[in-house]
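Trainee: Please pick one part of this model and look at it closely. I would like to know how it sits against its surroundings, and then how the rest of the chain compares as background.

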Amino acid sequence: MLQTPESRGLPVPQAEGEKDGGHDGETRARTASQERPKEELGAGREEGAAEPALTRKGARALAAKALARRRACRRLNRTVAELVQFLLVKDKKKSPITRSEMVKYVIGDLKALFPNIIARAAEHLRYVFGFELKQFDRKHHTYILINKLKPLEEEEEEEDLGGDGPRLGLLMMILGLIYMRGNRAREAQVWEMLHRLGMQPSKYHFLFGYPKRLIMEDFVQQRYLSYRRVPHTSPPEYEFSWGPRSNLEISKMKVLGFVAKLHKKEPQHWPVQYREALADEADRARAKARAEASMRARASARAGIHLW
């Protein structure tokens, strides 16, 4: 998951309790348990020996609350992923989807969180799979999916990357993961991200076929991704990085903007990646200026030869 602004993490949207912060519940509990006794030991010496015991009890209670909050966030994330898959399956049958069906088959006792869950699922569908969730009957709370096929909302990018909205969305997720992980992502981290999206790498998915085959045979073979063994690992481990076609066809700023949309933040929220993306933009601008100057020079040369 995305961590603190200076860190790198997974580009998968999380619940409010897990966004930002970077430290999980147990870490916050440990920090609290380390800091609070320092503040309260002095009072314990003045008021009696019972105070340290109360402090330890308070720390355990805080740790239990943090653990419960973390579990609730994980469950919420899992419910969002399950709802996305449910909506995609229903759309294959081209039948309207009702709120009561979503609650009955997916959301269950999290019904009170329906607005939050449906909003996150809608963003997931739009940016990752290229579908827009529309409510066309407010009285009966009925929804349909519209295939937009433009998750980046830029036709030229989509043409470069094959014109396939869902496949492009998946590729963008992988490129975002790689970028936020320091321009390298272990193979296991990519498969874990697929799990978070509700997909099994080697199990058939009606949008992508077999996701692992799509990644290894299409994205890698077409040079959108590079795949290599990590040196000095036993048993051997492998990692993904951006391939040469991705470096040519899509900028780091575009990928960072994609990740930021998923998390409802500005790209500046991750200063390390943002500075790197700015440098990449400057390099691209200089390369474009050199190419244009070279084209003008060749055009002038051809014009001169023609005159003679």
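Mentor: What follows starts with one helix, then moves to its surroundings and on to the chain as a whole.

This is a predicted model, in which local features need pLDDT of at least 70 and side-chain atom pairs count only at pLDDT 80 or more, while totals for chains, interfaces and linings use all residues. Residues are numbered from 1 along each chain as its sequence is written, and side-chain values use heavy atoms, with hydrogens and water left out.

The part I have chosen is helix α3, residues 99–107. Helices here are DSSP runs of H or I with at least four residues, strands are runs of E with at least two, and both are numbered from the N terminus. Within α3, M102, V103, V106 and I107 are buried. Buried means under 20% relative accessible area, exposed means over 50%, and partly exposed lies in between, with a 1.4 Å probe and protein chains only. Looking down the axis of α3, the buried residues fall within an arc of 110°, so they line one face of the helix; the arc is that of the directions from the helix axis to the C-beta atoms. On the other side of α3, the exposed residues are S100, K104 and Y105. Just after the helix, G108 has a positive phi of about 60°.

The buried face can be followed inward through L83. Apart from its neighbours within four places in sequence, L83 is in contact with M102, V106, I107, I117, I118 and A121, contact meaning heavy atoms within 4.5 Å. L83 and M102 are also among the residues with the most contacts inside the largest nonpolar core, which has 62 residues. Such a core is a set of buried Ala, Val, Leu, Ile, Met, Phe, Trp, Tyr and Cys residues joined through side-chain atoms within 4.5 Å. Helix α6 (residues 165–180) gives the largest share of this core, eleven residues.

Beyond the end of α3 there is a charged pair. D109 forms a salt bridge with R75, with the closest N and O atoms 2.4 Å apart; a salt bridge is a side-chain nitrogen of Lys or Arg within 4 Å of a carboxyl oxygen of Asp or Glu. R75 belongs to helix α2 (residues 50–92) and D109 to the loop between α3 and α4 (114–129), so the pair ties together parts that are 34 residues apart in sequence. R75 is partly exposed at 33% relative accessible area, whereas D109 is exposed at 60%.

The structure holds 14 salt bridges. One of them, between E192 and R196, has its closest N and O atoms 3.7 Å apart. These two residues both lie in helix α7 (residues 187–196), four residues apart, about one turn of the helix. Elsewhere, salt bridges that share partners join R126, E132 and K134 into one network. In that network, the closest N and O atoms of E132 and K134 are 3.4 Å apart.

As background, the protein chain has eleven helices and six strands. Of its 308 residues, 40% count as buried. Residues 24 or more positions apart account for 59% of the contacts in the chain with a separation of 6 or more.
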